2 protein chains.
Amino acid sequence: MPKDVAIIGVGQSPFYRGYKGSIRELAFEAFREAMQDAGISAADIGASIICSAPEYDSQRSPSGIIAEYLGLNPQPTFAIESVCSASTSGLRAGYAMVKSGLHDIVLVLGFQKMSEITSADSQERMGRGADIMWESPFGTMMPAYYAMHACAHFDKYGSTEKDLAMIRVKSAKYGVINEKAVYRKEVSLEEALAAPVVTSPLKRFDCCANADGASCVIIANKDRAKEICKKPVWFMGLGAATASMTLTGRESLYAISCARTAAQEAYAMAGVTPRDIDVAEVHDCFTIAELLAYEALGFAEPGKGVELIRDGQTYIGGKIPVNVDGGLLSKGHPIGATGGSQIRTIVLQLREEAGAMQVPGAEIGLVHNIGGVGVYGNVIILGR
Amino acid sequence: MPKDVAIIGVGQSPFYRGYKGSIRELAFEAFREAMQDAGISAADIGASIICSAPEYDSQRSPSGIIAEYLGLNPQPTFAIESVCSASTSGLRAGYAMVKSGLHDIVLVLGFQKMSEITSADSQERMGRGADIMWESPFGTMMPAYYAMHACAHFDKYGSTEKDLAMIRVKSAKYGVINEKAVYRKEVSLEEALAAPVVTSPLKRFDCCANADGASCVIIANKDRAKEICKKPVWFMGLGAATASMTLTGRESLYAISCARTAAQEAYAMAGVTPRDIDVAEVHDCFTIAELLAYEALGFAEPGKGVELIRDGQTYIGGKIPVNVDGGLLSKGHPIGATGGSQIRTIVLQLREEAGAMQVPGAEIGLVHNIGGVGVYGNVIILGR
């Protein structure tokens, strides 16, 4: 894979519970940091792509107002949505727009202010992310879906609640050192296991929390990247796939097929294997989701993902450090911003600027971002 | 501009008032026609892009359920939104995804079932397409915005209510022969001028109507297009631009600046001038919008657009036939589907398959699609 499209700047707002400003101000927090990181001005941006799940906003068509607020008129903009994977879908489109020659530099901004609507309403809206004809009328909610995945995995492979708790312990350990995370407190195995049940077998610490936040990623073609940037991070592989939205259409619940397909595609495009990945960010909206990701990404064979967490192999120093920024479980999950936040972490890792979270010498990193309950899967492989 | 990305299939549902089926069934109507037109099967589609304004749906993240219903799993999909220009924004991203080599064939499906919510709610939702901090709280609505544009144009250039009525007379004449249009009845100049006022100076026949509908456009790279398609229609130029969402941020109201910028970009990319365009589809959500389009696209100098309609030059046989499928005014305006419907009309024209609407010998066509009140402007030039 030729190095012809690069990431030249990344930014992220802190992730908040109950942000008091407007979405445009939230977006600006990530934008400012990314622009300072890239060292460019608004006039350098050829186009912007704004990523969010629009159900959470009062503002309709927020890309227009955000582009205006960021000083990005008259350059084109539009919005991309694939629920929780919106910003990596945006990155895929942004990559294509640069690679195709339509623009030299494209800015991909993801945001979500989930606190703009009330909590009860929020659960109902989330539920409508499942098939509204055949599933959501029965009261399905996100934790219930992932609880079904957990039960299926436990049943098929013998994984346990303790394995899931160990994933949260790791997440919490790294959340402590991530200044932008919502939750920055260690969680012991005992605490995780003793927490109140949300949807059996998932307990409170198995679930990530809604949050408000924004992320921003600036990408450029080869010439502009080399001109602007001392440490461009290159796109090596991009994979994307879907599975049926209705769960009854799935072959099984003990695996996330769209992630597996997307990963295979990304590895093939990059010309690398799972063993070549030095650091990964995976979509741990629930602890079980991280376990499923180990297997979908080929870090472990199907059913063997538990060995990685039991042996501490996904900590820094292990075979494949995963979510060493705390992941969604500690950072919080402002859904439209999440993919861009994962990308930012990997970019900092590959530039060796990740501070206390640094995986020494990381050269190739991977992002795994899932939308809906395994509906949309995006895998992006980046390299120095 | 090299001929390297083509449209190989187009489809459109009839546009309805009060469609009784679900959005997935509505999408299928356009999909089936486009797939039959292209003569390919679902497995040939590398990726789909689903375009709509999500405020009108009960289903959250409809791209997932639509891709599933159309048999497009496990290929990737995501949603694109730029209000009324969603499907041409989708086409721009689709073009980039094909041109970049990510996919050989991409399907762009636009839909809207505006009748899924009630009429009162609909106006409130539409209003939130303006800046919710500084404008929509004052009760702004679409007709009011375009009425301001009309007043500004009347004042600056001396255009009149009669000029606008003449645009509706043309629209209605062609709407009669478009089997997929909602309104298929001639309107006389007297009727148009005597119609009840909606927002002065705009009267009932100056305004398009909400509708339910879907459109589908299939695009392919050069090799696949030549292999599959007898009459590929090629992308020649793509332009896109924005203007501030807040009207107070605009330089003037007697022109739509984003359309002008997008047109200049599209002409430059295509290497053609306005005189080279044989047939055009412009975004006539209101009659004044068509008049503004004549000027933005360079079919007439600023202030001279009225001469085109007064002289009948935008009818078939005139200098530049515009909206000879009836436009939004006669077809109805199911916002996410509209751009794709415009593209379909131009593709049929360039393949000389437009029947009674055919502009003889049309070789180069243009689509002008606007989102919001002049916020997002997309111009696409197609050629045989």
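Axes here are lines fitted to C-alpha atoms, for helices over the stretch in contact, and angles run from 0 to 180 degrees between N-to-C directions. Helices (H or I, at least four residues) and strands (E, at least two) are DSSP runs, numbered from the N terminus.

This is a predicted model, in which local features need pLDDT of at least 70, side-chain atom pairs count only at pLDDT 80 or more, and totals for chains, interfaces and linings use all residues. Residues are numbered from 1 along each chain as its sequence is written, chains are lettered from A and ligands numbered from 1 in the order in which they are written, and side-chain values use heavy atoms, with hydrogens and water left out.

**Exercise 1. Describe how helix α3 (residues 86-99) of chain B packs on α13(B).**

Step 1. Take the axes. They come within 5 Å and cross at roughly 65°.

Step 2. List the contacts, meaning heavy atoms within 4.5 Å. From α3(B) come B:A86, B:S87, B:T88 and B:L91. They meet B:G336, B:A337, B:T338, B:G339, B:G340 and B:I343 of α13(B).

Step 3. Sort the contact by class. Ala, Val, Leu, Ile, Met, Phe, Trp, Tyr, Cys and Pro count as nonpolar, Asp, Glu, Lys and Arg as charged, and the others, Gly among them, as polar. The contact of α3(B) with α13(B) has 4 nonpolar, 6 polar and no charged residues.

**Exercise 2. Find how helix α1 (residues 23-38) and helix α2 (residues 62-69) of chain B are set against each other.**

Step 1. Read the geometry. The axes lie 9 Å apart, at an angle of about 55°.

Step 2. Name the arrangement. Angles under 35 degrees count as roughly parallel, over 145 as roughly antiparallel, 65 to 115 as roughly perpendicular and the rest as oblique. α1(B) and α2(B) are therefore oblique to each other.

Step 3. Find the residues that touch. α1(B) supplies B:I23, B:R24, B:E25, B:A27 and B:F28, while α2(B) supplies B:P62, B:I65, B:I66 and B:Y69.

Step 4. Sort them. The contact of α1(B) with α2(B) has 7 nonpolar, no polar and 2 charged residues.

**Exercise 3. Place strand β8 (residues 233-242) of chain B among its neighbours.**

Step 1. Check burial. Buried means under 20% relative accessible area, exposed over 50%, partly exposed in between (1.4 Å probe, protein chains only). In β8(B), 10 of the 10 residues are buried, so the strand is largely enclosed by the rest of the structure.

Step 2. Look for partners. Two strands pair if DSSP finds at least two bridges between them. Strand β1 (residues 5-12) of chain B runs antiparallel to β8(B), joined by 2 bridges. Here B:I7 has B:V233 as its bridge partner.

Step 3. Turn to strand β11 (residues 376-383) of chain B. It is antiparallel to β8(B), with 8 bridges between them. B:W234 stands opposite B:G383 in β11(B).

**Exercise 4. Compare the settings of two chain B residues with positive phi, B:S61 and B:E352.**

Step 1. Take B:S61. Its phi is about 50°, although it is not a glycine. It sits in the loop between β2 (47-51) and α2 of chain B. At 1% relative accessibility, B:S61 is buried.

Step 2. Take B:E352. Its phi is about 55°, and it is not a glycine. It belongs to the loop between α13 (335-350) and β10 (364-371) of chain B. B:E352 is partly exposed, at 43% relative accessible area.

**Exercise 5. Locate two cis peptide bonds, one ending at A:P201 and one at B:P74.**

Step 1. In chain A, the bond joins A:S200 and A:P201, with omega about 5°. A:P201 lies in the loop between β5 (197-199) and β6 (202-203) of chain A.

Step 2. In chain B, the bond runs from B:N73 to B:P74, with omega near 5°. B:P74 lies in the loop between α2 and β3 (77-81) of chain B.

**Exercise 6. Describe the surroundings of A:G90 in helix α3 (residues 86-99) of chain A.**

Step 1. Check burial. A:G90 is buried, with a relative accessible area of 0%.

Step 2. List its contacts. Not counting residues up to four places away in sequence, A:G90 touches A:I49, A:C51, A:I80 and A:V108.

Step 3. Look along the chain. A:V217 is 127 residues apart from A:G90, and their C-alpha atoms are separated by 9.9 Å.
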